[in-house]
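The exercises below ask the reader to work through a model step by step, moving from burial to cores, to the contact between chains and to confidence.

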Amino acid sequence: MSAWVWVVVAVAVAGLYVWYAAIVKRRNRVAEALSGIDVQLSQRHELIPNVLAIAKRYLAHEESLLADIARLRTTGQARLGSTDPKAIAEKFEAENQLTAGLGRLFAVAEGYPDLKSDDLMVRAQATYQEVETNVAAARRFYNSSVTDLRNACQIFPGQLVAGLAGVGPMPPFFEAPVEHRGPVNAADHL
Amino acid sequence: MSGPPGRSAAAGALVAAFGLAFVVWMAVLWSSVRQDPGIGGWLGGLFGGGFAALVVAGTGAWAAMYFVARPARRAAEQELAVYAADDDLGRILGELEVVRLRTERQINASAAWRIPLCVLGAAALWVASQFTDDPADGTDLLIFGGMAVIGGYVWASMALGDAYRKTFKERVLPKLVAGFGALSWRPAQPPLDELRDHGLFTNFDDHEAEDEIYGEYRGLPLSIVELKLTRQESKKSVTVFNGLTAAVTLPRGLSGTTIVVPDRGFFGNMTRLRGRYQPVRLEDPVFEKAYEVYGSDQISARALLTPAFMERFMALATCGRFGAPVALIQDNRLLMALETPGARNLFEPPSYRKPAASREALTQMHEDIAAVLKAADAIIDLDQAARLQPGFTAPGRTT
C-alpha cells in the first residue's frame, strides 16, 4: 500500500478517536448533570416534611392533598440515583407530579391567611422558591448536556462509535411540568 | 489693635505689583535703548515702559484688593454666620465657606509672589534672548508674560485647591448620600484584584478612583465605585474602562464563581479562563452570541442566569446608558462593571472660586448620586429574588 493510504487510514482512526473521546466526555457530563439534579431534588425532598408539618396545623381537612404529597415524595426519594434511562424518565415524571402537588398546596395556602402569614410558612415558601430555581437550573444543565450527547451520537460517524463509548439508549430530557410550559415573555416581567 | 483682615497680605501684594511694574519699566527702557541708542530710544523706553509699568501697577493694585483683601473680609463675616446656621448641612456648608475663603486667600497670597516670580523668570528669558541672533520681540514678551501669569497661578492654586476639593467631598458627600437611605460615601476602594484575577479586565496598569457609595440599599449591601482603568501604550495613556463598578450581595443561596464577559470571537475566547473555569453554555441564543459565561459550578451559574436575568442583562446593555456590562458572581456577591462612555467625572465639588453652598454644584452632585443609584436599581432588578426583597420601599430622593 502506498504511503497515502496509510496517511488516510491514520487520519480516519485519529478522527474516530477524537469523536469517541468527545462522546465519552459528553456521556460523563450527562452523568454529572444527572447527579446535580439529584442533589437539588434531595433538597426539595428534605424541605417537604417541614412544609407538611406547618401546613397540617391549618389544613386539617386537606388531608388527602397532604397525604398525596407525602406519597409522591416517598416515590421520588426512592428513585434518586437511578441511571437507567427508563428509571430516569420515571423519576422525572414522579418529580413533576410532586411539583404539581406542591403547587396545589401553596395555592390552597393562599386561601388561609393565618397559614399564609405564618412566619415558618413564609420562610419555607422562600426556601422552596430557591430550591425550585436550583432544580430548574439543574434541569437546564442536564438538558443541555443531553442535547450535546445526542448531537455527538446521532451525527455521522457518531452512530459508529457511540456503542464503543458505552452509550446505549439515549437518556431522556427532563421536561418542565405541563403547567409550567406555557409561553412566557421575560420582557413582561422587566 | 489689629487692622482689617488680610491687610498685611494686601500690602505685600501691592509692594510686589509695584516692584514688578518697576522691573517691566526698566526692561522696556533697556530694550528700547539697546535697539536705538539715540534720544528716540530713551524717550520711547521712558514713555512706553512707563505706560506698561502703570498698567502692571494698576492691575496689581486691583488684584490685591479683589483677591486678597475682599476674601479676607468675607471670610471674617462668614465665620460669624456659621455659628448661626441650625441645619446640619447648612452648618457644614457654612464651615466649608470659611475654609474656601481661607483657601482662596492663601492661594491669592501665594500667587502674589509666585506670579511675579514666574513673570520675572519669563522677563529674564526674554532679556536673555536679546543676546541671541534671533531676539524675541514685544509680542513674544506679552506671550511669555501671559504664560508666566497662568503658570504662577496654577503653581499657587494646585495643592491648596485639591485639599479644599477633598475636604468638600469628605464633608458634604456623606450627608447628601445619606438622604437616599442607609448609605454613605468614602474614598474609593476599587475591587482591582477581583477585576484582574477573574479576567474581567486584565490589561490595565493604572487606575483612577475617587468616590465610593456604600451601605444598604433596598435592603441589600451595596458598594458603587467610580473607576477609570488605563494602560500605557507607547507613551500614550489608553482607557481600558471608564464607568461604575457596583457590588451587591443578593438574597440567594448561590455558590461558586460565575463570570460573564462580552464574546470576543473564537480566538479571543480561547485565551480566557479556560483552565480555571468551565464554559457555561446557556439556552438563550442571543445572549450566547453576545456573551461568554464561565463558571466553577454549572448549576449555580444557571440558578442566577435565568432566562429573565439574561433578558434584563441584555436590556441593560442596549438601553444606551451603558456599554456592554461584565459581571462576576462569587457566591451571593454580584459585581458588575458598567461602562459609561463619554461620561464626565461624577461627584465633582464646586471650585474654590465659587461659594461652597453653590446651588448649581450641589444639585449636580445630588443628580449624580441619583443617577448612580439608578444604575444600582437596574443591577438589583436583574435578579428576581433581589427585586422582590421583602421590606423594600422606594428610597427618598430628597436631601
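A residue counts as buried if 20 or more other C-beta atoms lie within 10 Å of its own, with C-beta atoms placed from the backbone. The model to which this is applied is a predicted one.

**Exercise 1.** State what percentage of chain B counts as buried, and describe the makeup of the chain.

Solution. With the cut-off above, 37% of the 399 residues of chain B count as buried. Turning to secondary structure, chain B has 11 helices and nine strands. As a last step, consider the contacts in chain B between residues at least 6 apart in sequence: 69% of them join residues at least 24 apart.

**Exercise 2.** Find which residues have the most contacts inside the largest nonpolar core, and which parts of the model contribute to this core.

Solution. The largest nonpolar core has 103 residues, and those with the most contacts inside it are Ala246(B), Val248(B), Val293(B), Ala376(B) and Ile379(B). The element that gives the most to this core is helix 5 (residues 119–154) of chain A, with 13 residues, while domain 1 (7–171) and domain 2 (182–387) of chain B each supply at least three residues. To look at one of these positions in detail, set aside residues up to four places away in sequence; Ala376(B) then touches Tyr217(B), Leu222(B), Ile224(B), Ala246(B) and Val248(B). A second core, separate from this one, has 31 residues, among them Ala13(B), Cys118(B), Val119(B) and Trp126(B).

**Exercise 3.** Describe the side of chain B that touches chain A by its residues, elements and residue classes.

Solution. The contact takes 13 residues from chain B and 13 residues from chain A. On the side of chain B, the elements that give two or more residues are helix 8 (298–304) and helix 9 (307–318) of chain B, and helix 9 of chain B provides the largest share, five residues. Sorted by class, the residues on this side are five nonpolar, two polar and six charged.

**Exercise 4.** Determine where in chain B the confidence is lowest and highest among the elements, and which stretch has a pLDDT below 50.

Solution. Chain B averages a pLDDT of 82, and 88% of the residues score at least 70. Among its elements, helix 6 (residues 265–270) of chain B has the lowest mean pLDDT, 67, and strand 8 (residues 326–330) of chain B the highest, 92. Over residues 392–399 of chain B the pLDDT is below 50, and this stretch has 13 contacts in the model beyond near neighbours in sequence. Where pLDDT is low, the predicted coordinates should not be read in detail. For the model, ipTM is 0.70 and pTM is 0.70.

Terms used:
Residues are numbered from 1 along each chain as its sequence is written. Chains are lettered from A and ligands numbered from 1 in the order in which they are written. This is a predicted model: local features need pLDDT of at least 70, side-chain atom pairs count only at pLDDT 80 or more; totals for chains, interfaces and linings use all residues. A nonpolar core is a set of buried Ala, Val, Leu, Ile, Met, Phe, Trp, Tyr and Cys residues joined through C-beta atoms within 7 Å. A residue is buried if 20 or more other C-beta atoms lie within 10 Å of its own, exposed if 12 or fewer, and partly exposed in between; C-beta atoms are placed from the backbone. Helices (H or I, at least four residues) and strands (E, at least two) are DSSP runs, numbered from the N terminus. Domain bounds come from an automatic or database domain assignment. Two residues are in contact if their C-beta atoms, placed from the backbone, lie within 7 Å. Ala, Val, Leu, Ile, Met, Phe, Trp, Tyr, Cys and Pro count as nonpolar, Asp, Glu, Lys and Arg as charged, and the others, Gly among them, as polar. pLDDT is the predictor's confidence in each residue, from 0 to 100.
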